[in-house]
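Reader: I would like a close look at one part of this model, taken slowly and with the supporting values. Please start with the backbone and carry on from there to whatever surrounds it.

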Amino acid sequence: MKFFSTLSLLIGAASAAAIAGRQDSKTPDTFHLKTSDSENSAHNDLYVYGYHTGAGLNDAVLTSDIETASKAYLNGTTVLFDYNTNFPWGLAPVGVTNYAAWQFVQINVGPGQEGFSINGTGLQWSEQKGFGGWLVCDWWHNEPQLFYIYRYYDAKYPASCSEVKLVTEPTA
Ligand SMILES: *[C@@H]1O[C@H](CO)[C@@H](O)[C@H](O)[C@H]1NC(C)=O
Ligand SMILES: *[C@@H]1O[C@H](CO)[C@@H](O)[C@H](O)[C@H]1NC(C)=O
C-alpha cells in the first residue's frame with residue numbers, strides 16, 4: 001500500500017514536470033477558440049476566425065468549419081493568431097468609448113490587447129478593462145460574430161445574440 005502511494009506520487013511529480021517543461025519550450029501550445037454553453041444551439045461549437053475587413057484588420061467571426069478556424073496561442077496575457085506571417089495578429093476587443101453595452105472583437109496586426117487568461121470556464125479577458133463575458137450575434141458578415149459584454153452597463157442585447165463561453169480546443 002505504502003509502495004503504491006509513493007509510486008503514484010512519483011508519477012504525479014513526473015507528469016507535473018513534463019507539463020512545466022512543455023510550457024517552457026519555444027513552441028507554444030496552439031488552440032482553436034470554440035463557443036459553448038449558449039442557450040441558442042446554433043451558437044455552440046463554432047470556431048473563431050479572422051474575417052478580413054481591411055489591411056491588417058479582421059473581425060472575430062464564427063464558423064462551424066474547423067478548416068476555417070484560426071489557430072491561436074497565449075503569449076503572456078495576449079492571444080496571438082498564426083496566419084503564416086512573420087508578424088503576430090492579436091486578439092483585440094475594441095475599447096468602449098461610446099457608452100456601448102457590448103462591443104466588437106477584432107484580430108489585428110500587432111499584439112492586440114493584454115489581460116487574457118484561460119481558466120476552467122475558458123478564455124477570460126480583463127474585468128478591469130470592462131470584460132463581462134462573450135456574446136455571439138448573427139451580424140453583418142452574414143455569420144455569427146463575436147462580441148464582448150461591457151460589464152459596467154446592463155446589456156439588453158437583441159434576440160439574435162446569446163452569451164457564450166469560449167473554450168480552448170488544442171489543435172493537432
Ligand atoms: C510575446 O511576449 C513577449 C513578452 O511580452 C514579447 O517580448 C514578444 O514580442 C511576444 N511575442 C510576439 C510574437 O508578439
Ligand atoms: C474563471 O474566471 C472568471 C472571471 O474571473 C470567473 O467568473 C469564473 O468563475 C472562473 N472559472 C473557474 C472555473 O474558476
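Author: D45 counts as partly exposed, because its relative accessibility of 46% falls between the limits of 20% for buried and 50% for exposed. This is a predicted model, and the values that follow should be read with that in mind. D45 sits in the loop that joins β1 (31-36) to β2 (47-54), and its phi is near 60 degrees, a positive value in a residue that is not glycine. Most residues other than glycine have a negative phi, so a positive value is worth checking by eye in the backbone.

N84 also has a positive phi, about 55 degrees, although N84 is not a glycine. Its place in the chain is the loop between β5 (78-81) and β6 (89-93), and because its relative accessibility is 73%, over the 50% limit, N84 counts as exposed.

From N84 the view can move to the aromatic rings, of which the structure holds 13 pairs. One of these joins F81 and Y83, whose ring centres are 6.2 Å apart and whose planes meet at 20 degrees, so that the pair counts as stacked, the limit being under 30 degrees. The partners differ in their surroundings: F81 is buried, with a relative accessible area of 2%, whereas Y83 is partly exposed at 26%. Another pair, Y150 with Y153, is tilted, with 5.4 Å from centre to centre and 50 degrees between the planes. Here Y150 counts as buried at 14% relative accessibility, while Y153 is partly exposed at 33%. Returning to F81 and Y83, ring pairs link these two residues with F87 and W89 into a cluster.

The ligands come next. Ligand 1 has Y73, N75, L80 and P88 around it, and a polar side-chain atom of N75 lies 2.3 Å from one of the oxygen atoms of this ligand. On its own, ligand 1 has 360 Å² of accessible area, and the protein covers 32% of that. By class, its shell is made up of three nonpolar residues and one polar residue, with no charged residue.

Ligand 2 is surrounded by N119, G120, T121, Q124 and E127. Two of these residues bring polar side-chain atoms to the ligand: one atom of N119 lies 2.3 Å from an oxygen atom of ligand 2, and one of T121 lies 2.5 Å from a nitrogen atom of ligand 2. The protein covers 40% of the 370 Å² of accessible area that ligand 2 has on its own. Its shell contains four polar residues and one charged residue, but no nonpolar residue.

A last position to inspect is H141, which lies in the loop between β10 (131-138) and β11 (144-150). Although it belongs to a loop, H141 is buried, because its relative accessible area is 14%, under the 20% limit. Beyond the neighbours within four places in sequence, H141 is in contact with Y51, T53, D59 and V61. With D59, the C-alpha atoms are 9.1 Å apart in space, while 82 residues separate H141 from D59 in sequence.

Terms used:
Residues are numbered from 1 along each chain as its sequence is written. Chains are lettered from A and ligands numbered from 1 in the order in which they are written. This is a predicted model: local features need pLDDT of at least 70, side-chain atom pairs count only at pLDDT 80 or more; totals for chains, interfaces and linings use all residues. Side-chain values use heavy atoms; hydrogens and water are left out. Helices (H or I, at least four residues) and strands (E, at least two) are DSSP runs, numbered from the N terminus. Buried means under 20% relative accessible area, exposed over 50%, partly exposed in between (1.4 Å probe, protein chains only). Contact means heavy atoms within 4.5 Å. A residue is near a molecule or strand if one of its heavy atoms lies within 4 Å of it. A polar contact is a pair of N or O atoms within 3.5 Å; within protein, one must be able to donate a hydrogen and the other to accept it, and residues adjacent in sequence count only if both atoms are side-chain atoms. Accessible areas come from the Shrake-Rupley method with a 1.4 Å probe; for residues, only the protein chains shown count as cover. Ala, Val, Leu, Ile, Met, Phe, Trp, Tyr, Cys and Pro count as nonpolar, Asp, Glu, Lys and Arg as charged, and the others, Gly among them, as polar. Rings of Phe, Tyr and Trp (its six-membered ring) pair if their centres lie within 6.5 Å; planes under 30 degrees apart count as stacked, over 60 as edge-to-face and the rest as tilted.
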